[in-house]
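Work through the exercises below with the sequence and the model open side by side. Try each task before reading its solution.

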Amino acid sequence: MAPETLVDNGLLRFITCGSVDDGKSTLIGRLLYDSKAILADALDALAVSSRKRGLEEVDLSLLTDGLSAEREQGITIDVAYRYFSTGTRKYILADAPGHEQYTRNMVTGASTADVAIVLIDARKGVLPQTRRHMTLAQVMGLRHVVVTINKMDLVGYDEATFQRIRAEVEPLAAKLGIPDIQYIPLSALKGDMVVERGGQLGWYTGPTLMAYLEAVNLGSQDLQAPFRFPVQLVCRPRTGELLDYRGYQGRIESGSVAPGDAVSILPSGVRTRVKRVEFFGRDLDRAIVGQSVTLHLEDEVDVSRGDLITGSAGAPVPARDLNATLCWFSERPLDPMSRLVLRHGTREVRAKVTEILGRLDLQALESVPAQELRMNDIATVSLRLQQPIAADPHDWVRSGGNFILIDEATNATVAAGLVLAQESY
Amino acid sequence: MTMPQTLTHLEALESEAIHILREVAGQCSNPALLFSGGKDSLVLLRLAEKAFRPGRFPFPLVHIDTGHNYPEVLAFRDRRAAELGERLIVRTLDESIAKGRIVLRNPNESRNRHQSVTLLDTQEEFKFDCLIGGARRDEEKARAKERIFSFRDEFGQWDPKNQRPELWNLYNARIHPGEHLRAFPISNWTELDVWQYIEEEGLELPSIYFAHEREVVVLSGGALLPVTDLTPVPTGAVSVRKMVRFRTVGDISCTAPVLSGARTVADIVKETATTEITERGATRLDDQTSEASMEQRKKEGYF
């Protein structure tokens, strides 16, 4: 990777879904190794660890275990983040482990991901966990899913095996409505179709996993979506020539903004226009999703942290009642008496779960009646809020429909939530 | 002007870090930013400027001085804080040693590990509820699972099993009295990202980051021991003069330079992009004793 070729094609975040048995750690190791990100001394340390456990070859999966407790147990217990760069794109990989706490780990990793890689062992085909991974990817609103059929070396690189598994997954993907899905046969162990094509899968004409990741189109949907800007801070220096300076600082979570745009302040509903879009003393013609900027408004209106500045067209209606999908994180089941705080953007309001409408059965892929919410449950619920929030259905404006629930007594983050559209009530 | 469709990777990382700094300011009542004069904390200062100007920083800068720092780095630290017009608080390990809070087993031992005591005492003195630091997840395996908002209990301890899940960009900075947070705005940056950002922003750095001739001892593993008053030539060893630079700057007793001819940031970016040795492996003399040593120190309150 010569610096001359460090062309910047953005930042891609992805998640790998699968268990150790599927060869997930080996696949991650292979991605890092073949993209030359496993640097020399990391490899040396790895060789020592592998020998310590009596392994003869360097075990690529050892690269992805982080903490000593889990190294001793031989399992991964949390989401770990890995970094590599191909020279044209930087990658952040969220590695979520596959045991019983899997759901909350995968939901956490998927929350920031653009792409999910679902691993299937070619010898075993579609397993219950495959359905679970695909479903969670869909629940979390991921637009790109790569189904990698791994361990092709153990089935003689047989095309019929690949096609049979693909035919099993396709109806599931169609049922879930995943917009972009790619199937790739590979051997993480031998390195075929991960970064290099290898010599054994000549019948496959699609991209390697790395070629696919390099080509994924980032963010155009979030850019076309309506403008959303949760206000983090109000900047009022009140000194010298800045006596009248009043800037609203935050990050554009959806869409774009330019001077002159009509905006609404929510939940108050006050309308005004954008006067300036400022970044570090410079005025911008336009700023897009992902950018942290400072907005100046035409009128002196009352805006503070917790407010949401939105495009006036298609602004969400502030509401105190909403239906949502919840993923319950806490080891303690939902207690109807507990005092919860809902955080949406920069706004925090008291909240109550008034009804559990149904729990998602991750095997049957259907909603079943439920009386309580336990750790790793995914459920549809009704929430009642003390103050209104201006939320979007998450399948319309991805970032505008996300929230977390915090237990006021423990301060723990107990659930992740996705606001549902009216019609799915 | 055509509208940009996506951000470059540095723009995305910068914007995320600014958002995190503003969340610290919005959610915490008395934060502080740890500033050593090192490259990662210099990046943090530029990010803080971009997050808060034309206002002042909503936090002071804090440096825990081990007493074993390179003088040019300390001079640079003071100058940079003065240029920004921001408040700099310095607390030293020597004060902690004088008060008996730290007991050294031998006078020249590495003070790196003892920093935790002075850091936690300083936190207590000023009642800081959040310390902002420049740690990155790519530095070491134990950091790969570190949260952006990392929770510490009332003893300043990090419990890897008791961290809060972080979803989207919704950070939960709520704490009970006595507990505190560490916030890491550049968690998702790599060493190469840091150098590319320094180059793009034209940030000034202490001189020891650039190639210079220095008296060193080549240790058996290939690491270079800089010869200083604290780290004299070991008995039986021979010192040589080499062109070196520091990739990371910290306590003299545990920071080693690497061979390099890089005189500019662009040279360093080139070296970093093609390097074969990770940052801590090459330059920290203390982390190699045990694979899990970072995790152990973090549990004790280390940054």
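The exercises cover confidence, sheets, buried elements and the nonpolar core.

The model is predicted: local features need pLDDT of at least 70, side-chain atom pairs count only at pLDDT 80 or more, and totals for chains, interfaces and linings use all residues. Residues are numbered from 1 along each chain as its sequence is written, while chains are lettered from A and ligands numbered from 1 in the order in which they are written.

**Exercise 1. Confidence**

Task: State the model scores, then find the stretch of chain B where pLDDT stays under 50.

Solution:
- Start with the global scores: ipTM is 0.90 and pTM is 0.90.
- Next, take pLDDT, the predictor's confidence in each residue, from 0 to 100.
- Chain B averages 85, and 88% of its residues score at least 70.
- The stretch is residues 286-295 of chain B, where the model has 16 contacts beyond four places in sequence. Two residues are in contact if their C-beta atoms, placed from the backbone, lie within 7 Å.

**Exercise 2. Chain A in outline**

Task: Describe chain A by its helices and strands, its buried share and its contacts.

Solution:
- Helices (H or I, at least four residues) and strands (E, at least two) are DSSP runs, numbered from the N terminus. Chain A has eight helices and 22 strands.
- A residue is buried if 20 or more other C-beta atoms lie within 10 Å of its own, exposed if 12 or fewer, and partly exposed in between; the C-beta atoms are placed from the backbone. By this count, 50% of the 425 residues of chain A are buried.
- Take the contacts in chain A with a separation of 6 or more: 70% of them link residues 24 or more positions apart.

**Exercise 3. Enclosed elements of chain A**

Task: Explain why helix H1 of chain A is largely enclosed, then place strand S7 of chain A among its partners.

Solution:
- H1(A) spans residues 24-34; ten of its eleven residues are buried, so the rest of the structure largely encloses it.
- The buried residues include Leu27(A), Ile28(A), Gly29(A) and Arg30(A).
- They pack against strands S1 (11-17), S2 (80-85), S3 (90-95), S4 (115-121) and S5 (144-150) of chain A.
- Strand S7(A), residues 228-235, is mostly covered, with seven of eight residues buried.
- Two strands pair if DSSP finds at least two bridges between them.
- S7(A) runs antiparallel to strand S15(A) (residues 308-311), with three bridges. There, Pro230(A) stands opposite Leu308(A).
- S7(A) also runs antiparallel to strand S8(A) (residues 247-251), with four bridges. There, Val231(A) stands opposite Gly250(A).

**Exercise 4. A single residue**

Task: Is Leu340(A) buried or exposed? Which residues does it touch?

Solution:
- Locate Leu340(A) in strand S17(A), residues 340-344.
- Leu340(A) has 20 C-beta neighbours inside 10 Å, so it counts as buried.
- Leaving out residues up to four places away in sequence, Leu340(A) touches Ala351(A), Lys352(A), Leu405(A), Ile406(A), Asp407(A) and Glu408(A).
- Glu408(A) is 68 residues away along the chain, yet the two C-alpha atoms are separated by 5.7 Å.

**Exercise 5. Two sheets of chain B**

Task: Trace the four-stranded sheet and the six-stranded sheet of chain B.

Solution:
- The four-stranded sheet is open and antiparallel, in the order S8-S7-S9-S10. S8(B) (224-226) and S10(B) (258-259) each have a single partner strand, so one side of each lacks a neighbour in the sheet.
- Strand S7(B), residues 212-218, joins S8(B) through three bridges, with Val217(B) opposite Leu225(B).
- Five bridges join S7(B) to S9(B), residues 240-245. His212(B) has Val244(B) as its bridge partner.
- Val244(B) also stands opposite Leu259(B) in S10(B).
- The six-stranded sheet is open and mixed, in the order S3-S2-S1-S4-S6-S5. Its edge strands are S3(B) (88-92) and S5(B) (149-152).

**Exercise 6. Into the core**

Task: Place Leu33(B) in its strand pair and in the core.

Solution:
- S1(B) (residues 31-34) and S4(B) (residues 130-132) run parallel, joined by three bridges. Leu33(B) stands opposite Ile132(B).
- Beyond four places in sequence, the contacts of Leu33(B) include Leu44(B), Ala48(B), Phe59(B) and Ile132(B).
- A nonpolar core is a set of buried Ala, Val, Leu, Ile, Met, Phe, Trp, Tyr and Cys residues joined through C-beta atoms within 7 Å.
- The largest one has 164 residues; Leu33(B) is among those with the most contacts inside it, along with Phe14(A), Ala110(A) and Ala116(A).
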